[in-house]
Amino acid sequence: MSIEVRGLNKSFGDFVALSDVNVSLPTGQLTALLGPSGGGKSTLLRIIAGLDTADSGSVTIEGVEATHLPPQKRNVGFVFQHYAVFKHMTVAKNVAFGLEIRKRPKAEIAEKVDELLRLVHLSQFAHRLPAQLSGGQRQRMALARALAVEPSVLLLDEPFGALDAKVRKELRDWLRRLHDEVHVTTVFVTHDQEEALEVADEIVVINEGRVEQVGAPDTLYDEPANDFVMGFLGEITRLGDVLLRPHDIAVSTAAVPDALAGRVTRVLRVGFEVRVSVETPQGETLVVMTRTHARSLGLDVDAAVWLRPEPGATTVPAAGSSLVR
């Protein structure tokens, strides 16, 4: 394992940021720390980087006990949400900075900077100042600067959070391709479920300072450990005593055994999807289906329907239901 975190605890006054966190982050993989704002993701990342200290517990990086090592001795690269660039330096100088303070030969620095700027598609902007770049280009520059010192671990704290949706999508696709090329162990913080599901090899779900579940994106989506993980990694709705995905509900316009009766209160068409709100004895249930399926059923407001989980649907007990133990 590239990073081993054991028994990590951190409080800020009365606020518990991390509580007995234990995670193993594999070498060479791209791992997402996913959870709601204030859940402890960035605190964990900063402790791994050495920018914050834990109250107790240990951090091991590439087999080296790093709990009390200063950041500069941990061989990690860190990229912040807001770039933290040197505004008075050119793009090339920003990328070269870490190598220059390490007293590397000038020829080696020039070669490394050229290589990295090609890697992040910024060669033509080498002599520009950061203010002359777009947000996405500045973030790529920050990644190149972090990679320049050849870190064993690359840590990204919500690296695309300050960018608009289109640029975020382009950059996360680019980050996935970059990681596949350089193979550096990478950990990034995000509260964007789609970002984590698209980019990461493994996801660590953190909530209220605790690790809820660790696993591959498909595993977490299909086999959530609890209702929090299920709800945070995709849309959910309630059907009787269980929570499930809206697209995992079978709809019939005729009574069927073991189905829950309801009445359609709203039909909303969104692109190729149709979102149907159904009033059931437990309250409103959302059903999502394709437009073709909805059209074949002829659903409209006030229609009587019967709902049941599709065979093989992922379900977890709903809070307050008789299934919760």
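## Report on a predicted protein model

The protein contains 9 helices and 18 strands. The model described here is predicted.

### Overall dimensions and surface

Several values describe the protein as a whole, and they are collected in the table below.

| Property | Value |
|---|---|
| Box filled by the C-alpha atoms, along the principal axes | roughly 80 × 45 × 30 Å |
| Residues that count as buried | 48% of 325 residues |
| Exposed area of the protein | about 15700 Å² |
| Part of the exposed area supplied by carbon and sulfur atoms | 50% |

The contacts can also be sorted by distance along the sequence. Among contacts with a separation of 6 or more, 63% join residues that are 24 or more positions apart.

### The nonpolar cores

The largest nonpolar core holds 45 residues, and within it V95, L117, L154 and I203 touch the most other members. The element that gives the most to this core is α4, with 7 residues. A second, separate core consists of 24 residues, including V23, L25, L45 and I61.

One of the core members named above, V95, is also a buried residue of helix α2, which spans residues 91-101. The other buried residues of this helix are V91, A92, N94, A96, G98 and L99. The buried residues of α2 pack against two other helices, α3 (106-119) and α4 (135-148). After α2 comes K103, which has a positive phi near 60°.

### L154 and T186

With residues up to four places away in sequence left aside, L154 touches G77, V79, L143, A146, L147, V184, T185, T186 and V187. T186, one of these partners, lies in strand β8, which covers residues 185-190.

Is T186 buried or exposed? T186 counts as buried because its relative accessibility is 1%, and the cut-off for a buried residue is under 20%. Leaving out residues up to four places away in sequence, the contacts of T186 are Q29, L30, T31, L154, L156 and H179.

### The cavity

How many cavities of 30 Å³ or more does a search of the whole structure find? The search finds 1 such cavity. The volume of the largest cavity is about 40 Å³. Its lining is formed by E158, F160, G161, R168, V189, T190, H191, D192 and E195. By class, the lining comprises 4 charged, 3 polar and 2 nonpolar residues. Two of the lining residues, V189 and T190, fall within the range of strand β8, residues 185-190, the strand in which T186 is found.

Methods. Residues are numbered from 1 along each chain as its sequence is written. This is a predicted model: local features need pLDDT of at least 70, side-chain atom pairs count only at pLDDT 80 or more; totals for chains, interfaces and linings use all residues. Side-chain values use heavy atoms; hydrogens and water are left out. On a 1 Å grid over the protein atoms alone, a cavity is a set of points where a 1.4 Å probe fits but cannot get out, and a pocket is an open set with protein on both sides within 12 Å along at least five of seven lines; lining residues have an atom within 4 Å of a point. Grid points are joined across faces, edges and corners, and a volume is the space filled by probe spheres set on the points. Ala, Val, Leu, Ile, Met, Phe, Trp, Tyr, Cys and Pro count as nonpolar, Asp, Glu, Lys and Arg as charged, and the others, Gly among them, as polar. Helices (H or I, at least four residues) and strands (E, at least two) are DSSP runs, numbered from the N terminus. Buried means under 20% relative accessible area, exposed over 50%, partly exposed in between (1.4 Å probe, protein chains only). Contact means heavy atoms within 4.5 Å. Accessible areas come from the Shrake-Rupley method with a 1.4 Å probe; for residues, only the protein chains shown count as cover. A nonpolar core is a set of buried Ala, Val, Leu, Ile, Met, Phe, Trp, Tyr and Cys residues joined through side-chain atoms within 4.5 Å.
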